[in-house]
Amino acid sequence: LVGQVLVHRAPAGLTAGRIVEVEAYIGEDDPACHAAPGPTPRNAPLYGPPGIAYVYLNYGLHHLMNVVTERRGFPAAVLIRALEPAHGLDAMRERRGVDDSRLLCGGPGRLSQALGIPQAHDGLALDDPPFELLARGTEPEITVGPRIGITKATEQPWRYGLAGSRYLSRPMRSSE
């Protein structure tokens, strides 16, 4: 997903950005994955087909968007942590209330707010409206590090970022 362009068509207009940071959450054996307790109504999309959105409300404040990645029945997803804004910046600025383009989509909650992604998009396919996922022609250079913003299984090197991007939610540590 790193390097691809995520497009969201909302009633307020089209917004899009290049994915520059993601984090993986893999299966019921991953204590940081929402599937760790087994299937629930909240995490049902994680068990669905690959290529759908898993959108949930985090801490009652922010919608976070994941992409389901594995076969039906095996819960795994990639959290989209940051985008480099590319289209619809005025709408993003209005939704976020900030001017600095690095603060528009630099974090999973900011990203969903800037793009106008509601929880109602939970379970929607990323290759159907209101979403579109566009591949970029070149293979990006990717950096790897441990996941952040969680309290369990933080040692997993399942955070991936576009090397040299100034739009990451947080810099990769030098040891990464």
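A residue is taken as buried when its relative accessible area is under 20% and as exposed when that value is over 50%. By this criterion, in the predicted model, strand β1 (residues 5–10) is mostly covered, with 5 of its 6 residues buried.

Strand β1 pairs with two strands. With β2 the pairing is antiparallel and comprises 6 bridges, and valine 5 has arginine 18 of β2 as its bridge partner. The connection between β1 and β2 is a hairpin of 2 residues. Strand β6 (residues 131–134) also pairs with β1 in the antiparallel sense, here over 4 bridges. Within that pairing, histidine 8 is matched with phenylalanine 131 of β6.

The pairing continues from β2 to β5. These two strands run antiparallel and are joined by 10 bridges; glutamate 23 has leucine 79 in β5 as its bridge partner. Strand β5 is itself mostly covered, since 9 of its 12 residues fall under the 20% limit and count as buried. Strand β4 (residues 62–68) is likewise antiparallel to β5, and 3 bridges join them. In this pairing, valine 68 stands opposite alanine 77 of β5. Antiparallel pairings thus link β6 to β1, β1 to β2, β2 to β5 and β5 to β4.

Helix α1 spans residues 89–96, and its buried residues are Ala91, Met92 and Arg96. These residues lie on the same side of α1, because the arc that they cover around the axis is only 120 degrees. An α-helix has 3.6 residues a turn, so residues three or four places apart point the same way. The other side of α1 carries Asp90 and Glu94, both of which are exposed.

The cover over the buried residues of α1 comes in part from the strands described above. It includes β2 (13–26) and β5 (76–87), together with the helix α2 (108–115). Strand β2 therefore takes part both in this cover and in the antiparallel pairings with β1 and β5. Strand β5, for its part, contributes to the cover of α1 and pairs with β2 and with β4. After α1 comes glycine 97, which has a positive phi, near 75 degrees.

How values were computed. Residues are numbered from 1 along each chain as its sequence is written. This is a predicted model: local features need pLDDT of at least 70, side-chain atom pairs count only at pLDDT 80 or more; totals for chains, interfaces and linings use all residues. Side-chain values use heavy atoms; hydrogens and water are left out. Buried means under 20% relative accessible area, exposed over 50%, partly exposed in between (1.4 Å probe, protein chains only). The arc is that of the directions from the helix axis to the C-beta atoms. Contact means heavy atoms within 4.5 Å.
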